[in-house]
Amino acid sequence: MSLLKVKELLPEQLLNSFTFSVVITDLTGKFVYVNPLFQQKFSHISTTLTNHHFADTVYAEDIKPCNEAARECIRNPEKPVSITVRKACEGDEFFWTHWEISAIKNEQGQVIGTMSVGHDVTTTELNNNKTTELLNSRAYVADAASSIYSDEEITRLALVAHNDNNAVVIADKAENIIWVNAGFTRILGYKSEEIKGKNLFFYLQQNGVDPKILKRIQYSLENKLAFTEQLQIKNNRDKAIWLEISCKPLFDDANVHIGFIANEDDITKRKHAEQEQQETLQRLSLATDSAQIGVWEVDILDGTTFWDEKMYDLYGFAKNTLFAPLKIFKKALHPEDKELMKKVLGGLAEGKKSIDSVVYRINMPNGNIRYIEAHAIVQKSAEGIPIRLIGTNRDITDDIAVQEKMKTQNKVLRDIAFIQSHEVRRPLANILGVIEVLNSSNSVQNKEIFDHLIQSANELDMQIRSIVKKTNNLDGIFSKG
C-alpha cells in the first residue's frame, strides 16, 4: 500500500498525532504503515517497523485476542471492532491501549488489510485493576483480621496489600499462607492458588539462602518478633532477584498472636546499582592509589571541604588531624603562588571553566617544598548554578627535579659541543695554514712524513666539521624544547 493511499485514508491530524497511534497491516499481520507516534513508542524493537509483525509489539498474553479481533474485522468488514490490550515495552513491562480496528478494501471491494487507531489508556486500566484488587484484598484482609482491626484499619491495610509494586503475604499463626496480593505473583512468580496453605517463607528453603539468615528469620517467627532481611533468591521463573523482606506478627485486642503479615520489596535494580557503584569506587580507588592521586571536593554553597586520605598525606598531615582541610591548604600554599591559586579557584567557583592542569607549590610542615599538579571540574545544579568543585592533586616534585636535572645536563652538553666545534677548530685552522705555507715553499725534506701530516690534519678537520653539524642539530632540538 502506497503512502499516497495512506494519506487518502487518514486525515493529517492522525498521521502526525501525538495522542493517537495509527497502524495499517496486511492480511498476514505485517505492518504496512505506522505513524510517527507508534514508531517512537516501539523504537527499541526497530528503527523502522515496516515488515515487522504486529505481534512483535503486543504483550504475549494478549496476542490471541488481537488475532481474534482482526479476524472478526476481516469477516465482517462493515463492522469495526474495539479491543483493549497490553502493548509490550522493554523487559517485562507493558502499557494498556484501546484500539478501533477497521477493514481496508481495495478498488474491487476486496479486504486487503486492517487499519487500527489506538491510544494509551494505562492510567484508566490500572485504576480499574486497582479498584478490583483493592476490593479483593480488602475482603481477604477483613476475613483474616476481622477480629483485630476496625473497618477503617482494614481499609488502610488493604491499601497496602493491594499495591502490586511490592509482594504482600498474610499467614495464620501456624505460619501458613492464607492470602497474597498480585505483586507476589508478579515478583515471585507463584499464583495464589498454588501457595495457599504453604509455609510463609517456603520458597527460601529451596533457594539455598544463607543458613544464618534462615536461622534469624526462624528465631523471629518463633518469638513473634518483627524483622527485616535482604537476600537473593531465584523466583518461580528461575530469575535471580534481590528481596527486602519486612515481616510483622499480628495480635488481637487481647494481645493473642493470630498471624503474620510480610511485605517483600524487589530491590534487584537497587542492589545492581549499589554493586556497580561499589565496583566503580573500587576501580577509582585502585587508580588513584596506584597513581598516588588525592581526591578533594568543595561545597561552594557552604564551604564544606572533603579530602580523602591521600590528600592529607600529600600535605604532610594525618587523616585524623584536628585542622580543617581548607585551613591546611591556605597555610601550606607557597606565598608566591597565592595570587595564581586565588584566580584559579575564583574562576572555578564562578563556573567559568574547569582546570585542565595547574601547578603550584606548597610548604610542608618539615620545611620542604613540594610541587602539586591539580585538576578540577565544576558541578552545576539544574539551573546552571555552580554547587560543587571536584578535583585531584598529585605530587610532581620528583618530576620537576628530573626536568631541572635535564635542563642542567642540556646546558653542559651545549658547552661541550661549543668547545668541540669552535675552540678545537681554531688551532687546527692554524696548523692547516702552516702546512699550506710549507707545501708551497718546497722546504720539506721528508715528503712521506709531510703527506701523512696533511692526511691526518684533513681527517681531524672532517671530524670537527661533523661535530659542528651535530651541534647545529642539537641547538635546533634545544630551541624546540
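Two strands count as paired if DSSP finds at least two bridges between them, and the strands themselves (E, at least two residues), like the helices (H or I, at least four), are DSSP runs numbered from the N terminus. The model on screen is predicted, so local features need pLDDT of at least 70 and side-chain atom pairs count only at pLDDT 80 or more, while totals for chains, interfaces and linings use all residues. Residues are numbered from 1 along each chain as its sequence is written, and side-chain values use heavy atoms, with hydrogens and water left out.

Begin with strands 1 and 2, which run antiparallel and are joined by three bridges; within this pair, Val 23 stands opposite Val 34 of strand 2. Widen the selection to the open sheet of five strands, whose order is 2-1-5-4-3 with antiparallel pairing. Strand 2 (31–34) and strand 3 (81–88) form its edges, each pairing on one side only.

Next select helix 4 (residues 63–75), which lies across strand 3, strand 4 (94–105) and strand 5 (111–120), and runs at about 150° to strand 3; axes here are lines fitted to C-alpha atoms, for helices over the stretch in contact, and angles run from 0 to 180 degrees between N-to-C directions.

Finish at Ser 21, in strand 1 (residues 20–26), which is buried with a relative accessible area of 4% (buried means under 20%, with a 1.4 Å probe and protein chains only). Beyond neighbours within four places in sequence, Ser 21 has contacts (heavy atoms within 4.5 Å) that include Asn 35, Phe 38, Trp 99 and Val 117.

Conventions
Buried < 20%, exposed > 50% of the residue type's maximum accessible area, 1.4 Å probe, protein only.
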